[in-house]
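Q: Could you walk me through this structure before I go back to the bench?

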Amino acid sequence: MDFTLEEGEIHALVGENGAGKSTLAKIVAGSIHSDAGSMSLFGEPYQPVSRREGAAAGVAHVRQQLSLVRGLTVAQNLQLGRPDAPAVFNAGAARDEVERWSDEFGLGVPAETLIDDMALAIRQQAEILIAVAWGARLLILDEPSSALGPIETEALIALCHRLRSEGTPIIYISHRLPELTELADRLTVLRAGRVVVEGADVRDADLREVATLMIGDVSLLEVNRPEIQRGSTRLTVSDLSVSSPHGVGCHGLDFDVAAGEILGVVGIAGNGQESLAKALTGQVKLASGNVLVDDTDISGSAGQAITAGVAHIHEDRSNGLAASFTVADNATARHIGNRRFTRFGVRMGDKIAHHARELIERFQVRPPEPAAMASSLSGGNQQKLMAARELEQNPAVLVAHGPTKGLDPEAAKAMRDRCFAVAQAGGAVVVISADLDEVADLAHRIIVLYRGVVTDAFPIEDMTPQRLGAAMAGLSETSGVSGD
């Protein structure tokens with residue numbers, strides 16, 4: 001492939017999952033080596049042998065799989081691996097620098113909060129802040145808005161425009177085509193590792209034609225909301241409170257979800273969404289209240305949740321998958337100890353691989369290789385792998401947190417159809433998402449979280465930008481929402 005990035009431009013790189021976008025980004029950043037060809041950076045020959053060497057040359061890569069060290073604060077991550085870092089870590093100076101950059105760009109990144117305790121959207125912003133602080137001469141952003149809502153996305157676009165005006169070129173990888181019209185200058189489309197459109201002017205681009213070049217027939221992407229008969233209550237949440245020592249927990253939540261129903265949960269990033277997802281899947285101890293699935297209490301027990309038929313699409317794939325394990329191991333992780341795959345305590349590799357191949361084909365995971373490491377897959381294909389594991393059988397309850405995050409339009413359509421399929425089969429579905437269009441396409445009802453409290457609840461027919469905006473800002477209040 002041939003690719004040219006001009007100084008002071010934002011160049012959008014688009015394509016379906018596995019098209020080669022992230023591979024190109026890693027080659028430019030120095031994470032992997034090309035087999036042939038050459039590169040130049042600002043007119044000088046450039047062939048980095050490591051990501052550190054790329055960073056030293058001024059190339060900053062904010063990857064789709066975020067790379068901040070979780071046991072450290074943002075300030076500590078700022079200095080970790082920094083090309084010009086002093087020999088002795090100065091905590092105060094690092095904190096002040098994070099706060100200065102955060103204030104300057106309006107990002108609201110906390111300097112001394114552990115990465116583990118930050119919402120995914122804030123972690124993405126922290127990665128960008130560190131890249132800028134390191135003095136990036138060329139910035140690569142891989143799906144930077146995938147976990148961001150409208151407000152955070154506007155801030156990201158403003159930051160990109162400011163960096164462009166200061167002369168910093170940006171490679172911007174995204175599946176969110178509409179945002180590119182107000183963000184990017186030029187557009188390159190990849191398909192199956194090859195360039196099919198090179199450097200087109202975004203102002204003249206027909207996004208429908210771009211989508212066609214990416215995936216084929218775009219008419220197949222139209223959302224067709226099926227008629228679903230609502231049944232009896234399957235998920236009941238009563239007086240749910242979750243304490244979080246650093247982030248935002250949940251406080252006094254009451255709602256239920258019936259068979260065949262899809263409940264949407266929205267809010268500005270970091271307002272209790274992660275705590276709610278963990279509570280609904282038994283992953284955290286509750287401060288009060290309980291979670292019932294078909295009258296079985298699963299509160300604080302992931303094992304009970306799995307037994308009760310709860311499936312979980314994680315917002316963060318690094319939590320939802322074991323990246324250092326094979327595709328087959330990840331695909332069959334819910335069957336550990338199952339006699340179909342284990343005999344006398346010994347895992348039967350052939351049967352595991354055969355079962356994994358069936359799931360890989362059914363969920364279109366690429367490449368279709370059970371023995372491949374999960375870490376070797378593109379971000380979108382990792383998302384498909386996680387869905388294959390969780391949706392292999394019709395769950396009683398599906399908690400889908402950012403289910404289409406990082407997926408191309410065709411794969412996103414397939415994921416939404418799978419959410420509908422769970423509801424049609426009698427499951428209760430909770431979709432937690434920063435993508436308001438996704439929630440509007442899927443949900444029958446919506447609840448809005450602000451600082452861990454439900455501020456509004458309404459059927460999808462009553463959703464308006466004004467009502468959503470007020471509730472997400474905490475300007476309305478209700479004690480909870482039921483299914484009535």
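The chat below goes from the whole chain to one set of strands.

Q: What sort of model is this, and how are residues numbered?
A: This is a predicted model, in which local features need pLDDT of at least 70 and side-chain atom pairs count only at pLDDT 80 or more, while totals for chains, interfaces and linings use all residues. Residues are numbered from 1 along each chain as its sequence is written, and side-chain values use heavy atoms, with hydrogens and water left out.

Q: How many helices and strands does the protein chain have?
A: The protein chain has 17 helices and 20 strands, both being DSSP runs numbered from the N terminus (helices H or I, at least four residues; strands E, at least two).

Q: And what is the radius of gyration?
A: The protein chain has 22 Å, which agrees with the value near 23 Å for a compact globule of 484 residues, where the radius is taken over C-alpha atoms and the globule rule is 2.2 Å times the number of residues to the power 0.38.

Q: What box do the C-alpha atoms fill?
A: Along the principal axes, the box is roughly 65 × 55 × 50 Å.

Q: Switching topic, which strands does β9 pair with?
A: Strand β9 (residues 233-242) pairs in the antiparallel sense with β10 (residues 250-258) over six bridges, and also in the antiparallel sense with β12 (residues 288-293) over five bridges; pairing requires that DSSP finds at least two bridges between two strands.

Q: Which residues are bridge partners there?
A: L240 has L253 in β10 as its bridge partner, whereas L235 has V293 in β12.
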